[in-house]
Amino acid sequence: MIMLFYLGTSLINTLASIYLGAFIYFNNSKAMINRVFSLLCFNVAIWSCCYFLWLALGDDRESAIFWARALNATAIFIPIIYFHLIVIFLGISKGKRFIVRAGYLLAVIIFSSSFTEFFVSGVRPIVSIDW
């Protein structure tokens, strides 16, 4: 029963993030704040979809570790995209351009190691989640 709750909320989060991101993007795709907000929404949607698939398809150790790594790999970009959004919202883009670019570069570097054992070394069953 509790697993259905986790599955349902992650699926709702995926669909809501896609809808919100698309709505904002197509409302005014030329505005930088709309593009970055939509990027954040789509990244959260991918993260939430990976969470859903981890719960739904993670029946064995190998698939569970794959989806756990995918879940963490997509989460890497959420902080820098959020920081970028706040910088645009506050109107301080020009002064923080180097920090934003360095943050994206760092996220890409960390992402490149996200499917290795250095990032997620293993999974184990806890509470009501098998893996």
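**Notebook: helix α4 and the cysteines**

I started just past α4, where Gly91 takes a positive phi of about 75°. A reminder to myself: this is a predicted model.

Next I checked the length of α4 itself. The helix runs over residues 78-90, which is 13 residues. At 1.5 Å a residue I expected a span of 18 Å, and the end C-alpha atoms are 18 Å apart, so the two agree.

Then I asked which residues of α4 are buried. I found Ile80, Ile81, His84, Leu85, Val87 and Ile88. They cover an arc of only 160° around the axis, so they sit on the same side of α4.

What covers these buried residues? I noted α2 (32-57) and α5 (97-112) among the elements that do. I also turned to the face of α4 that points away from the buried side, and there I met the exposed residues Pro79, Phe89 and Leu90.

My last look was at the cysteines. How many disulfides does the structure hold? The count came out at zero. Cys41 is in no disulfide, and the nearest cysteine sulfur, that of Cys49, is 15 Å away. Cys41 is also buried, with a relative accessible area of 7%.

For Cys50 I wanted to know why there is no bond to Cys49, whose sulfur is the closest cysteine sulfur. The two sulfurs are 6.0 Å apart, which is too far for a bond; I was looking for a pair within 2.5 Å. Cys50 is buried as well, and I wrote down 8% for its relative accessible area.

Methods
Residues numbered from 1 in each chain as written. Predicted model: local features only at pLDDT ≥ 70, side-chain atom pairs only at ≥ 80, totals over all residues. Heavy atoms only, no water. Buried < 20%, exposed > 50% of the residue type's maximum accessible area, 1.4 Å probe, protein only. Helix = DSSP H or I, 4+ residues; strand = E, 2+ residues; numbered from the N terminus. Expected span 1.5 Å × (residues − 1). Arc of directions from axis to C-beta. Contact = heavy atoms within 4.5 Å.
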